[in-house]
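Student: Please take one part of this model and go through it closely, element by element. I would like a connected account rather than a list.

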Amino acid sequence: MEVGRILAPGSIDSNLLKQLRPGDRLLVEVIQKTGEREGTIRVNGQDVFALLETSTELGEKFWVKVANANQGNLLLVREPIVEKQGDIHELSQQLQQIRERGFPIHPEIIALLREFPKENPGFLSSLSEIIQGKMTDEFLANLRKSIPEWANLSEENGAEELVECLRKLGLNYEQRIQQMLKLESHARETEKNSLKDTFKFALLEAIQKQAGRDHDSKGPLAQLLQKLTGQQLWFKTGTLDNAYMLLHLPLLNQGQPIPVQIAIESARKGSKMDAHHCRVAIQIETLEFGEIGIDAFFDQDSLALRVLTREQQVLPELIEEVMDETRAKFSKLGFNIVNVETGNLDKAIEFQNFLKGLRRSGVDIKR
């Protein structure tokens, strides 16, 4: 899998070009960056002007393979950094997304992005049992209060409730710290106290208290921190034209935590995602019908839906019962439902892959 390209046009010693063959392995050092995608690299002791991948950083050293060497051009493809060569195919799309987000190709980041979609999305569903005795009862009670109740979400307050839940979990923890440093002293102190109410702060504090004692780097607290960090990485929307995010969201249904998976791909609208040109995939566990998937495609003011379940016998009748109300609610949001289909959740492989982060290229998807 190609993890990065370096195109070195011109100023290449002809003898060097004659010696290189596709597949040859070389060590490259980035010694200068003169623009977003331009700079100078050092190959076999020779400094060469190069067109670089955006994520390439000054001072980086990495191994590449020669993909092409002819007519004065040298195309070098960065080798992926993975623990096993067998992982390359599996990680190919995640590695592409790492580049899109501007992250360094680092083994720990690769591992977090790879493992997060594979783990149980209900990582907070059994939170009380996982960390019982490691955090205060008061904190656990406050955490449960911060998780929205499914029945209480509505078109008036649903979005605000979900955003507040993510904030209390600490998905923007580091961003808030950075912004806090720019505040005046009084406002800074207020924000600092607010940060202490997040789950991430309590988790980091508990891990710090374990340090030097019986701290288990593979224990439940460390696993929760890795899960939360993986969520933060997938929550970022990237750097290229299309934005993508993956979210495992905890909700309460009659007081019981249920896991929800959400994947969104959209065109960009400034620094935000474009709600009028996007795909939204949702999978949620229900008490009566088990897992249900919703695959929604928004295009301008039109919305096409696929409802996926393992209980297909009763699904069409249920959809018919709620269709008028659903059309009316989406109409208030400015969307006209143009098509509704049903399908077998187990056979919706592309939908499941999308929820795992293996997204398609592009947003306007024809099925």
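Tutor: What follows goes along the chain from a pair of helices into a sheet and ends at its far edge.

The model is predicted, and the part chosen here begins at helix α9, residues 199-210. The axes of α9 and of helix α10, residues 220-235, come within 10 Å and cross at roughly 145°. The crossing of these two helices is left-handed. On the α9 side, the residues that meet α10 are F199, K200, L203, L204, A206, I207 and Q210. Their counterparts in α10 are L221, A222, L224, L225, L228, T229 and Q232. Sorted by class, this contact has 10 nonpolar, three polar and one charged residues.

Helix α10 can also be checked for its length. With 16 residues at 1.5 Å a residue, α10 should span 22 Å, and its end C-alpha atoms are 22 Å apart, which agrees. The buried residues of α10 include several of those that meet α9, among them L221, A222, L224, L225, L228 and Q232. Also buried in α10 are K227, G230, Q231, L233 and W234.

After the helices comes the sheet. Six strands make up an open sheet with mixed pairing, in the order β7-β8-β9-β10-β11-β12. The edges are held by β7 and by β12 (336-344); each has a single partner strand, so one side of each is left without a neighbour in the sheet. From one strand to the next, the twist averages 15°.

An edge position in the sheet does not settle whether a strand is covered. In strand β7, residues 242-253, 11 of the 12 residues are buried, so the rest of the structure largely encloses this strand. Buried here refers to under 20% relative accessible area. Strand β8, residues 256-269, is the antiparallel partner of β7 over 12 bridges. Two positions illustrate the register: A243 has S266 as its bridge partner, and P250 has P259. The two strands form a hairpin with two residues between them, and in that turn Q254 has a positive phi of about 55°. Strand β8 is itself mostly covered, with 10 of its 14 residues buried.

On from there, β8 pairs with strand β9, residues 272-286, again in the antiparallel sense, over nine bridges. One of the positions in this pairing is I264, whose bridge partner in β9 is V280.

Further along lies the loop between β10 and β11, where Q300 is placed. Phi of Q300 is near 55°, a positive value in a residue other than glycine. Its relative accessibility is 46%, so Q300 counts as partly exposed.

At the far edge, strand β11, residues 302-309, pairs with β12 in the parallel sense over eight bridges. In this pairing S302 stands opposite N336 of β12. Helix α11, residues 315-332, lies across β10 (290-299), β11 and β12, and runs at about 155° to β12.

Taken together, the pairings described pass from antiparallel for β7 with β8 and β8 with β9 to parallel for β11 with β12, in keeping with the mixed pairing of the sheet.

Conventions
Residues are numbered from 1 along each chain as its sequence is written. This is a predicted model: local features need pLDDT of at least 70, side-chain atom pairs count only at pLDDT 80 or more; totals for chains, interfaces and linings use all residues. Side-chain values use heavy atoms; hydrogens and water are left out. Axes are lines fitted to C-alpha atoms, for helices over the stretch in contact, and angles run from 0 to 180 degrees between N-to-C directions. Helices (H or I, at least four residues) and strands (E, at least two) are DSSP runs, numbered from the N terminus. A crossing is left-handed if the near helix is turned anticlockwise from the far one by less than a right angle, and right-handed if clockwise. Contact means heavy atoms within 4.5 Å. Ala, Val, Leu, Ile, Met, Phe, Trp, Tyr, Cys and Pro count as nonpolar, Asp, Glu, Lys and Arg as charged, and the others, Gly among them, as polar. Buried means under 20% relative accessible area, exposed over 50%, partly exposed in between (1.4 Å probe, protein chains only). Two strands pair if DSSP finds at least two bridges between them. The expected span of a helix is 1.5 Å times one less than its number of residues.
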